[in-house]
Amino acid sequence: MLAFPISEFHERLNQTKRRMAEAGVDLLMVTDPANMNYLTGYDAWSFYVHQMLIVTLDEEQPIWIGRGQDANAALHTTWLEENRIISYGDDYIQSSVKHPMDFICDVLKLNNYDKKIIAVEMDAYYFTAKNYVRLTEGLPDAIFKDGTNMVNWVRIIKSDREIAYLKQASRISENAMQVAFDMINEGVRECDVVAEISHAQISGTEDFGGDYPSIVPLLPTGEKTSAAHLTWSDDRFRDGDPVIIELAGVYRRYHSPLARTAVIGRPSEDMQYVSDVVLDGINTTLNAVRPGITCGELEGVWRSVIEKSGIRKESRMGYSVGLNYPPDWGEHTASLRPEDQTVLEPNMTFHLIPGIWMEKMGVEISESFRVTETGCEVLAEFPRELMIKPNIRLA
């Protein structure tokens, strides 16, 4: 079931160890499921219970520690040898007496890692305050450091195979967006449109299937387009409604997000004006992408466009994207915003989403792109425009 050759996992692990050594860390505790997948291939819906990958400088393979029920998933999906897969019993699950971190402390003591310098992903979604308390209590002689995003920064530059998976995910994005546009009509329920989007995301194409996205389809409608992250209701679409559609195609956990804005009937003057500004900004920004430019400089290109329009956008206008699990498809590293000095390099991948959310309406038109040797490659091929139902150009 491995999605990559073992040699690629070794290279990822070696890069992680180099970062650990530079940070003066002996042992890294990985709880982010995307980072666990990246280093070992582990892929299961088990992240609702505590699980961890132990990476040490002096051992060739990490140690996977998780629930007993999930040990076979580690055998099926990772390149780890069986003796590197350790599980705890169900008496640790949601117990007020025991905690999985107690079990992990015992494993580290058994392997003489209880007096080491240990990094933990303090700001990962799946590393809790209780985790930290139980680890520091159980390993009083260890020194703890913040290892947040240590693996994420290794992930930011994609291999050729990762790029291939992202391109396959993009084919799914295109299909799902087309399904959404075809389904949105006056009188149709929002939930029925999302049901068809989800079907398209998971069924994929004739050549390959899709996967579940880290974020459900977002479908704010009418005045609710002024809110960036609303999902859907069972309301029916009405004539004149604007609809924001934000979704992602997913293949082997690699996400290619895509957003468009549609209007049922004739768009308002404000909607048309804002969408024209967004399109001008996104086209100008994509043309400016190249290796060597910083994230902040690229955001400045976008800002120079919208400043002329009288529109303001305070939120970031993009972020690195790729492999992930719920609740987010972003990589939590580089962001396209003024203060980010990350230098773009070939095979970095971003979701460029210069959304504008105003008091009573919003517009989202986005693209995922790969930085190339000379510029960028937009991953999805879908009309970049304000989408109008019926599909005609209105004077």
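**View 1. Asp91 and its salt-bridge partner Lys98.** Asp91 is partly exposed, at 42% relative accessible area; that puts it between the buried class (under 20%) and the exposed class (over 50%), using a 1.4 Å probe and protein chains only. Its side chain meets that of Lys98 in a salt bridge, 2.6 Å from N to O. We call it a salt bridge when a side-chain nitrogen of Lys or Arg sits within 4 Å of a carboxyl oxygen of Asp or Glu. Lys98 is partly exposed too, at 32%. Keep in mind that this is a predicted model: local features need pLDDT of at least 70, side-chain atom pairs count only at pLDDT 80 or more, and totals for chains, interfaces and linings use all residues. Residues are numbered from 1 along each chain as its sequence is written, and side-chain values use heavy atoms, leaving out hydrogens and water.

**View 2. Arg84 and Glu59, a salt bridge between distant parts of the chain.** The structure holds 20 salt bridges, and in this one the side chains of Arg84 and Glu59 come together at 2.8 Å, N to O. The two residues are 25 apart: Arg84 is in the loop between helix 3 (71-77) and strand 4 (85-88), while Glu59 is in the loop between strand 2 (52-56) and strand 3 (63-67). Helices (H or I, at least four residues) and strands (E, at least two) are DSSP runs, counted from the N terminus. Arg84 is buried, at 14% relative accessible area, whereas Glu59 is partly exposed, at 21%.

**View 3. Arg238 with Asp241, plus a salt-bridge network elsewhere.** The side chains of Arg238 and Asp241 form a salt bridge of 3.7 Å, N to O. Arg238 counts as exposed at 57% relative accessibility, but Asp241 is buried at 7%. Salt bridges with shared partners also tie Glu8, Arg12 and Glu162 into one network.

**View 4. Helix 2, from its capped start to the glycine after it.** Helix 2 (residues 33-40) has 8 of its 8 residues buried, so the rest of the structure largely encloses it. Among the buried ones are Pro33, Met36, Tyr38 and Leu39. Asp32 caps the N-terminal end, with a side-chain oxygen 2.8 Å from the backbone nitrogen of Ala34. A polar contact here means N or O atoms within 3.5 Å, and within protein one must be able to donate a hydrogen and the other to accept it; residues adjacent in sequence count only if both atoms are side-chain atoms. Just past the helix comes Gly41, with a positive phi near 95 degrees.

**View 5. The largest nonpolar core, with Val30 inside.** This core has 40 residues, and the ones with the most contacts inside it are Leu28, Val30, Leu39, Leu53, Val55 and Trp64. A nonpolar core is a set of buried Ala, Val, Leu, Ile, Met, Phe, Trp, Tyr and Cys residues joined through side-chain atoms within 4.5 Å. Helix 7 (160-183) gives the most, 5 residues; others that supply at least two each include helix 1 (6-22) and strand 1 (27-30). Skipping neighbours within four places in sequence, Val30 is in contact (heavy atoms within 4.5 Å) with residues including Met36, Leu39, Leu53, Val55 and Val151. A second, separate core of 32 residues includes Leu286, Ala288, Met317 and Leu344.

**View 6. Helix 4 and what covers it.** Pro100, Met101, Phe103, Ile104, Cys105, Val107 and Leu108 are buried in helix 4 (residues 100-110). Their cover includes strand 1, strand 2, strand 3, strand 4, strand 5 (117-120) and helix 5 (129-138). Asn112 follows the helix, with a positive phi near 60 degrees.

**View 7. An open sheet of 5 strands.** The strand order is 10-9-11-14-15, with antiparallel pairing; two strands pair if DSSP finds at least two bridges between them. Strand 10 (330-335) and strand 15 (376-378) sit at the edges with a single partner strand each, so one side of each has no neighbour in the sheet. Strand 11 (residues 349-352) pairs with strand 14 (residues 367-371) over 4 bridges, and Thr349 stands opposite Arg370.

**View 8. Asp235 and the residues around it.** Asp235 lies in the loop between helix 8 (190-203) and strand 7 (242-251) and is partly exposed, at 41%. Leaving out residues up to four places away in sequence, Asp235 touches Val188, Arg189, Glu190 and Lys224. The C-alpha atoms of Asp235 and Val188 are 8.2 Å apart, with the two residues 47 apart along the chain.
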